[in-house]
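Student: I have a new model open on my screen and would like to learn how to read it. Could you walk me through a few features?

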Amino acid sequence: MNILIPNSWLKDYLDTNATPKQFAQAMSLTSVSIERIEKVDDDFVFDIEVTTNRPDLMSVEGIAREASAVLPEQGYTAVFKPHKNSTSLPTVTKSHLLNIQNDKTLVNRILAVVMDVELGSSPDVVSKRLERTGIRSINSVVDVTNYIMREKGHPSHVFDYDRLTNHTLIIRKSKKGEKIVTLDDKEYELPGDDIVADDGSGTIIDLLGIMGTANSVVTDNTKRIVLFLDNNNPDLLRKSSMNLGIRTEAAVLNEKGVDPELALPTLLRGIELLQQNAHAKIVSPIIDIYPNKPSTKKVYVSRERIQSVIGTDVSDETSAKILKHLGFDVSKEKNEFHVVVPTSRADDVSIPEDIIEEIARVYGYHKIPNNLPTIPEQNYYHQDQNEFYWIGKIKEAFRFWGFNEIYSYSMVSEELLDGPVENAVKLKNPLTNDHAYLRRTIIPSLLQVSQENKRRDTQNLFEIANVYLKKKSGLPDEKLHLAGLMKGQEATFMKGKGIVEQLFKTLGITKFGFEKKNDGIEGATISIKGSAVGSIEVGEEITFELDIAQLLS
């Protein structure tokens with residue numbers, strides 16, 4: 001994920017003596033990657049790459065908080081200045097002005113307020129900041145929703161209050177085949193199970209967390225709006241966004257799991273900006289429906305564990321300072337840190353190693369000494385104990401014998417299964433029916449490749465891959481197998497048998513044998529020291545398959 005942030009906007013939240021270039025170097029070294037700095041008029045714009053596990057950094061405020069921890073460890077002063085909302089209002093769960101019915105399995109939290117507004121152009125400071133972050137300025141109302149998303153990191157939406165039939169929003173799953181027209185005038189047929197809001201009559205008026213619809217969008221005639229924030233089930237939202245091909249910034253952010261605790265400060269900031277830029281007046285209480293509050297998570301990590309993992313002495317004061325600047329609550333009892341994880345990091349930090357990683361990266365990996373660990377006793381390395389060495393020898397041998405190595409899917413269709421379906425492992429959620437089962441043998445995949453290349457009269461193919469044997473419970477057994485296929489005038493049972501014999505000779509295996517198959521299939525069972533390790537079969541092609549684990553033993 002990438003985000004554009006102007007330096008002038010960042011300074012509203014961060015007081016630092018680092019220049020833009022120094023800021024970019026320090027952050028790239030220990031936190032987000034700042035890929036580019038562009039000078040725009042009297043400002044600088046940072047192009048910042050944020051990893052997908054850190055949606056809390058997809059905002060001006062999030063980057064400023066992160067920088068307040070990073071920059072001091074690189075020798076700069078930095079103080080985080082969180083915005084203090086001038087608006088503080090009580091919340092309710094119901095209002096006679098707006099009826100909202102939520103499904104807690106779909107939406108974690110809903111916040112809404114009705115306001116009178118006057119549409120116009122946004123102030124230059126708002127429009128320029130939006131444009132420098134890649135967002136087009138529209139009007140004084142819509143711009144606020146984009147502004148607070150970029151500043152706080154929680155997407156929001158505005159409805160035209162007077163276009164909502166019965167002033168009702170019912171949150172539900174869509175039905176397959178329902179149609180919507182989004183605010184960019186594109187029509188979509190919904191696949192079903194999408195999170196939508198309807199107006200009580202069955203008409204969909206919003207595709208929640210992704211994009212609004214044309215029938216409730218703010219127009220030039222809008223007088224009253226609903227400022228609306230929804231914190232949705234990220235899995236369902238991503239599925240809808242991908243199925244429909246609607247990849248808005250709100251969708252990309254929401255699917256990563258935005259902190260629901262961020263919703264109220266974002267709404268209050270939106271109210272404040274609407275009052276300033278659109279002469280807005282609050283005409284309803286703030287509705288706050290919050291069925292799925294995140295639980296508090298606490299992680300315990302000892303001082304000794306921190307020093308052991310990092311490999312250098314980071315003082316307790318430094319560790320605590322770093323964590324506090326990152327938003328963690330920290331207390332210490334004897335030699336153990338008790339760390340309360342902020343809700344914004346609940347999906348990212350859960351074990352002591354996560355806490356240690358936060359300390360280490362902000363402290364600076366470049367400051368950790370490059371000392372090799374002491375090796376008290378060194379065992380001699382034996383090549384013959386390395387599985388990859390033997391697999392390499394097998395591949396090299398087959399290459400010299402004129403075989404081509406292939407890679408095929410481990411998942412196959414029911415038609416390509418060997419044996420009864422109930423003996424195979426079936427995927428719960430296959431991408432297609434052609435990849436619904438984990439294969440028990442590689443041979444059918446080789447035959448399929450051969451069939452797809454039937455214009456080639458002579459074929460010599462091999463593959464080394466896992467097969468999967470079903471167990472009564474738990475995950476299947478993974479077995480590494482070698483399979484080969486020969487097709488053409490020279491493809492005979494004796495030629496195939498000779499290839500297997502030569503393979504054994506290459507691997508130093510001498511006690512092996514071939515016994516005629518007794519299952520009605522022409523071919524032979526291959527054994528080593530009396531134990532079956534594979535088979536060779538005769539048909540239109542000569543095929544063989546061997547258990548590599550047994551060969552290596």
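Student: Which element supplies the largest share of the lining of the largest pocket?

Tutor: Helix 5 does, with 4 residues. Keep in mind as we go that this is a predicted model. Helix 5 spans 142–152, and it is among the elements that each give at least two residues to this lining. The others are strand 9 (157–160), strand 14 (204–207), strand 15 (211–212) and helix 7 (249–254).

Student: How many residues line the largest pocket, and which lie nearest its centre?

Tutor: There are 30 lining residues, and V142, T145, N146, L183 and M211 lie nearest the centre. The volume of this pocket is about 840 Å³. Sorted by class, its lining holds 15 nonpolar, 10 polar and 5 charged residues.

Student: What should I look at in the second largest pocket?

Tutor: Let's take the same steps. Its volume is about 580 Å³. The lining has 23 residues, and D418, T441, S535, E537 and E545 are the closest to the centre. By class, the lining of this second largest pocket is made up of 9 nonpolar, 7 polar and 7 charged residues.

Student: Which strand gives the largest share of that lining?

Tutor: Strand 30, with 6 residues. You can find strand 30 at 531–538; helix 13 (443–452) and strand 31 (542–547) also supply at least two residues each.

Student: Now for helices. What describes two packed helices?

Tutor: The angle between their axes and the distance between those axes. For a case here, take helix 2 (residues 20–30) and helix 3 (residues 60–73): their axes come within 10 Å and cross at roughly 85 degrees. Angles of 65 to 115 degrees count as roughly perpendicular, so helix 2 is roughly perpendicular to helix 3.

Student: Which residues meet where helix 2 touches helix 3?

Tutor: From helix 2, look for F23, A26, M27 and T30; from helix 3, they meet I63, E66, A67, V70 and L71. The residues of this contact comprise 7 nonpolar, 1 polar and 1 charged.

Student: Let's turn to sheets. What is the order of the strands in the open sheet that contains strand 21?

Tutor: The order is 19-21-20, three strands with antiparallel pairing. Strand 19 (297–302) and strand 20 (329–333) are at the edges; each has a single partner strand, so one side of each has no neighbour in the sheet. From one strand to the next, the twist averages 20 degrees.

Student: How many bridges join strand 19 to strand 21?

Tutor: There are 6, and the two strands run antiparallel, with strand 21 covering residues 336–341. To find one pair on screen, select V301, whose bridge partner in strand 21 is F337. Helix 11 (residues 352–363) packs on this sheet and touches strand 19 and strand 21. The direction of helix 11 makes about 75 degrees with that of strand 19.

Student: I'd like to practise on another sheet. Where do strand 23 and strand 24 stand, at the edges or in the middle?

Tutor: The order in this open sheet of 3 strands is 23-25-24, again with antiparallel pairing. Strand 23 (411–412) and strand 24 (425–426) stand at the edges, and each has a single partner strand, so one side of each lacks a neighbour in the sheet. Strand 23 is joined by 2 bridges to strand 25 (residues 437–438). There, M411 is opposite L438 in strand 25.

Key. Residues are numbered from 1 along each chain as its sequence is written. This is a predicted model: local features need pLDDT of at least 70, side-chain atom pairs count only at pLDDT 80 or more; totals for chains, interfaces and linings use all residues. Side-chain values use heavy atoms; hydrogens and water are left out. Axes are lines fitted to C-alpha atoms, for helices over the stretch in contact, and angles run from 0 to 180 degrees between N-to-C directions. Angles under 35 degrees count as roughly parallel, over 145 as roughly antiparallel, 65 to 115 as roughly perpendicular and the rest as oblique. Contact means heavy atoms within 4.5 Å. Ala, Val, Leu, Ile, Met, Phe, Trp, Tyr, Cys and Pro count as nonpolar, Asp, Glu, Lys and Arg as charged, and the others, Gly among them, as polar. On a 1 Å grid over the protein atoms alone, a cavity is a set of points where a 1.4 Å probe fits but cannot get out, and a pocket is an open set with protein on both sides within 12 Å along at least five of seven lines; lining residues have an atom within 4 Å of a point. Grid points are joined across faces, edges and corners, and a volume is the space filled by probe spheres set on the points. Two strands pair if DSSP finds at least two bridges between them.
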